[in-house]
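Me: I've got a structure open and would like to talk it through with you. Can we take it one question at a time?

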Amino acid sequence: MDERTRTEIEAAVYRRLRDHLQKRTDVQNIDMMNQSGFCRNCLSRWYAEAAETHGISLDKPASRAIVYGMPFDEWKDLHQLEATEEQRRKFAESQEHSH
């Protein structure tokens with residue numbers, strides 16, 4: 001596989017993941033972090049970091065809007081639930097193991 005084709009395939013996979021996460025508003029970021037160690041916010045940070053390697057500066061709100069499909073504050077108001085004590089406990093435990 002040539003480099004251009006690989007890049008195009010990877011880009012298509014990213015877009016499919018982004019679109020999937022935009023539709024799955026029932027999946028909370030804290031649950032993603034607890035299960036997989038990353039969430040939508042991580043994707044937006046990685047997006048901004050990748051853009052920076054190409055000389056493009058994206059602030060946090062801009063990169064989050066790309067991943068969330070809307071401003072982050074709007075997404076939070078529409079879809080984010082208050083984390084349960086159990087979710088917070090699992091998150092704290094996962095952070096202890098990630099360092």
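What follows is a short back-and-forth about this predicted model.

Me: Let's start with the fold. What pattern does the protein follow along the sequence?
Reply: There are six helices here and zero strands. Reading along the sequence, you get the pattern α-α-α-α-α-α.

Me: And how far does the C-alpha trace span along its principal axes?
Reply: We're looking at 99 residues, with buried ones making up 24% of them. Along the principal axes, the C-alpha trace spans about 45 × 30 × 25 Å.

Me: What share of the contacts between residues at least 6 apart in sequence join residues at least 24 apart?
Reply: The pool here is contacts between residues at least 6 apart in sequence. Within that pool, the share joining residues at least 24 apart is 51%.

Me: What about the outside: how much of the exposed area do carbon and sulfur atoms supply?
Reply: The protein exposes about 7200 Å². Of that area, carbon and sulfur atoms supply 54%.

Me: How far apart do the centres of the positive and negative side chains lie?
Reply: Count the charges and you find 15 positive and 18 negative side chains. Take the centre of each set, and the two lie apart by 3 Å.

Me: Now the largest pocket. Which helix gives the most to its lining?
Reply: The largest pocket holds about 330 Å³ of space. Its lining is made up of Tyr14, Leu43, Trp46, Tyr47, Ala50, Ala51, His54 and Ile56. The top contributor, with five residues, spans residues 40-52, and that's helix H3.

Me: Staying with helix H3, is Ser44 buried or exposed?
Reply: Ser44 is found in helix H3. Leaving aside neighbours within four places in sequence, Ser44 is in contact with Ser63, Arg64 and Val67. Its relative accessible area is 2%, and the cut-off for that class is under 20%, so Ser44 counts as buried.

Me: Over to Asn29. How far is Asn29 from Arg40 in space, C-alpha to C-alpha?
Reply: Asn29 sits in helix H2, residues 29-36, and is buried at a relative accessible area of 9%. Not counting residues up to four places away, Asn29 touches Cys39, Arg40, Asn41, Tyr68 and Trp75. Asn29 and Arg40 are eleven residues apart in sequence, and C-alpha to C-alpha their separation in space is 6.5 Å.

Me: Trp75 turned up in that list. What is the relative accessibility of Trp75?
Reply: You'll find Trp75 in helix H5, residues 72-79. Setting aside neighbours within four places, Trp75 is in contact with Thr25, Val27, Asn29, Arg40, Tyr68, Met70 and Gln80. Trp75 counts as buried because its relative accessibility is 1%.

Me: How far from Trp75 is Glu10 in space, C-alpha to C-alpha?
Reply: Along the sequence, Trp75 and Glu10 are 65 residues apart. In space, C-alpha to C-alpha, the gap between Trp75 and Glu10 is 26 Å.

Me: Last one, Phe91. Which class does Phe91 fall into by relative accessibility?
Reply: Phe91 is found in helix H6, residues 85-97. Beyond neighbours within four places in sequence, Phe91 is in contact with Ile30, Met33 and Asn34. Its relative accessibility is 29%, which lies between the 20% and 50% cut-offs, so Phe91 counts as partly exposed.

Me: And what separates the C-alpha atoms of Phe91 and Ile56?
Reply: Ile56 is one of the residues that line the largest pocket. Phe91 and Ile56 are 35 residues apart along the chain, and their C-alpha atoms are separated by 32 Å.

Methods:
Residues numbered from 1 in each chain as written. Predicted model: local features only at pLDDT ≥ 70, side-chain atom pairs only at ≥ 80, totals over all residues. Heavy atoms only, no water. Helix = DSSP H or I, 4+ residues; strand = E, 2+ residues; numbered from the N terminus. Buried < 20%, exposed > 50% of the residue type's maximum accessible area, 1.4 Å probe, protein only. Contact = heavy atoms within 4.5 Å. Areas by Shrake-Rupley, 256 points an atom, 1.4 Å probe, with all protein chains shown as cover. Lys, Arg positive; Asp, Glu negative; His and termini not counted. Charge placed at Lys NZ, Arg CZ, Asp CG, Glu CD. 1 Å grid on protein atoms, 1.4 Å probe; cavity = no way out; pocket = protein on both sides within 12 Å on 5 of 7 lines; lining within 4 Å. Points joined across faces, edges and corners; volume = space filled by probe spheres on them.
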